[in-house]
Amino acid sequence: MQPTMAQAQMATPAQRAAVQRLLRRKHVNGLALINGPGDRPEVVSNQVTKDSRQVVRANRLILIASFQKLMTGVAINQLVLSGKLTLSTPLSAFYPRVANGSQITIERLMMHTSGFRNVSSKLAAPLKDEGAQRRYTLKHYRSTGKFSWCYSDVDFSFLAAIIYRTTRHSYQDYLADQVLGPRGVRVKFANQLKNGHRVTQVMGRKQGWSALQRRMSTELGAGDILCTPVAYWHFLYRGVLDNPTMLAQFTNRQAAGETYYGGAYIEAPYLHANGYLSGYSCTFYSNWESRQTVMLFANNLSYHELRTVNSQLVHAYFGDHRTEQKQINAQ
C-alpha cells in the first residue's frame, strides 16, 4: 500500500489565468494540466484548430516521446529498491560485447553519462516487436569511452533491455504489469496500434501513421509509448510523488550536485522533463515540496518553441524565473 502524502493545494484562479494567457499568447494548440482537488488534474485548454483530429484532449492518446524515460527510470529504481539490480551493476553483466560496457554502469545510463551516442538509421517498416527493437539498439550506438554528460536516447533503450534481462519479462510487460498497472495507468506502445485513428494528429506537417511508427519503434524505452495527458499526470503522482522512497531516489541526487537522473532534470525544488518527437511536445515542472505541478501537451510547437515556452510556463504557474538546465542548452 502506498504511503499517504499531503495533497497539493489546488491551483488558484490567478495561476489558472496566467497559464491560459500564456497558451493563448504563444498560440499553443494543446492543453495544460494544473492542480485540481485531491491531486486530480484540472485542464486548461487552448486549441487553434477546428480539425477534430488535431484537437489535444485530456483523455486522448498522444505521443509522449522522452516523457517515457521517467517511466523507464521508475522501473529501474523499482528493481534497485527490491535488490534485483544495483546502480553500480555494469552493462557488461548483461551485454558483454558492448564496447566499454564494464565501465558503463546502470547509474551512468540513468544519468546520460555513459559515453553513448545515438546512431540513427532509416527503416523501410516499423520494427515489428521488442526483440527487433533490442537488436536494433545493439547495432545502432557509438560508445565513445567519454563519461561526461550527453543526452542520448540509446541510454534508456539499454535500460529497457536490462529490464528484460533482469526480469525475464519483456520491457512492455514489466512496465504494464509492475509499474503502470498497479497505479491504474494504461498506455499503448506503437506496435500495439494498427493505425493512428485513436491518436491525436500533429499540426503543420503531413506524416502518416506508418512513418510515426517507424520513428517510434527505434526508441525502445525512450519514446515508443502513447499515453493520454491525464494518465501521465496520474503516473507522475502515483509513481513518484506519492511514494517517498521512490521520490528520494531522485531528490537525493540534488545533494550530490547532479541535475539529471532516471528521466528527469533535478533542480530543487523541481523535477522537470521534456518530450519532443515529430511535432509532438510535452513538458512538466513539479515542485516536490509543495507537490504542485504544471504539465503541457501540444502538437504544433517546434523543439525550439517548446524550450521557450518552458521557462514562461514555470513562471506563469509558480512565479519562478527558471530556465532550462545547462545540459539542454548545450545540445
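# Notebook: strands, helices and two buried residues

I began with the hairpin: strand β1 (residues 30–35) and strand β2 (residues 41–46) run antiparallel and are joined by six bridges. Before going on, I noted that this is a predicted model, where local features need pLDDT of at least 70 and side-chain atom pairs count only at pLDDT 80 or more, while totals for chains, interfaces and linings use all residues. I also noted that residues are numbered from 1 along each chain as its sequence is written, and that side-chain values use heavy atoms, with hydrogens and water left out.

**Entry 1: the hairpin and its sheet**

Two terms first. Helices (H or I, at least four residues) and strands (E, at least two) are DSSP runs, numbered from the N terminus. Two strands pair if DSSP finds at least two bridges between them.

Which residue of β2 is the bridge partner of Leu-31? I found Ser-45 there. Five residues lie between the strands of this hairpin, and Gly-38 takes a positive phi near 60 degrees.

Next I traced the sheet that holds both strands. It is an open sheet of seven strands in the order β2-β1-β12-β11-β10-β9-β8, with antiparallel pairing. β2 and β8 (260–261) are the edge strands, and each pairs on one side only. At the β8 end, two bridges join β8 to strand β9 (residues 264–267), and these two run antiparallel. Tyr-260 has Tyr-265 in β9 as its bridge partner. I added a textbook reminder: side chains in a regular strand alternate between the two faces of the sheet.

**Entry 2: the three-stranded sheet**

I then looked up an open sheet of three strands, with the order β3-β7-β6 and antiparallel pairing. Why is one side of β3 (62–63) and of β6 (188–189) left without a neighbour in the sheet? Both stand at the edges and each has a single partner strand, so one side stays free of a neighbour in the sheet. β3 is joined by two bridges to strand β7 (residues 225–227), running antiparallel. Leu-63 stands opposite Leu-226 in β7.

**Entry 3: two helix pairs**

For angles I needed a rule: axes are lines fitted to C-alpha atoms, for helices over the stretch in contact, and angles run from 0 to 180 degrees between N-to-C directions. Angles under 35 degrees count as roughly parallel, over 145 as roughly antiparallel, 65 to 115 as roughly perpendicular and the rest as oblique.

Helix α1 (residues 13–25) packs with helix α10 (residues 303–318) at an angle of about 155 degrees, and their axes are 8 Å apart. That makes the two roughly antiparallel. On the α1 side, the contact (heavy atoms within 4.5 Å) is made by Gln-15, Ala-18, Val-19, Leu-22 and Arg-25, and on the α10 side by Val-309, Gln-312, Leu-313, Ala-316 and Tyr-317.

Helix α2 (residues 68–81) and helix α8 (residues 229–241) cross at roughly 25 degrees, and their axes come within 11 Å. I therefore wrote down α2 as roughly parallel to α8. Leu-70, Met-71 and Val-74 of α2 meet Tyr-232, Phe-235, Leu-236, Gly-239 and Val-240 of α8.

**Entry 4: Thr-72**

I stayed in helix α2, where Thr-72 lies. Is Thr-72 buried or exposed? Its relative accessible area is 0%, so Thr-72 is buried (buried means under 20% relative accessible area, exposed over 50%, partly exposed in between, with a 1.4 Å probe and protein chains only).

The Thr-72 side chain makes a polar contact with the side chain of Tyr-171 at 2.6 Å. Here a polar contact is a pair of N or O atoms within 3.5 Å; within protein, one must be able to donate a hydrogen and the other to accept it, and residues adjacent in sequence count only if both atoms are side-chain atoms. The same side chain reaches the backbone oxygen of Gly-221 at 2.7 Å. Leaving out residues up to four places away in sequence, Thr-72 touches residues including Phe-156, Leu-159 and Ile-163.

**Entry 5: α4 and Tyr-141**

How many of the 10 residues of helix α4 (residues 130–139) are buried? I found seven, and the helix is mostly covered. Its buried residues pack against β5 (141–143), α5 (153–167), α6 (171–180) and α7 (209–217). Asp-129 caps the N-terminal end of α4, with a side-chain oxygen 3.2 Å from the backbone nitrogen of Gly-131.

Last, I looked at Tyr-141 in strand β5. Tyr-141 counts as buried because its relative accessibility is 19%. Tyr-141 and Asn-118 are 23 residues apart in sequence, yet 5.1 Å apart in space, C-alpha to C-alpha.
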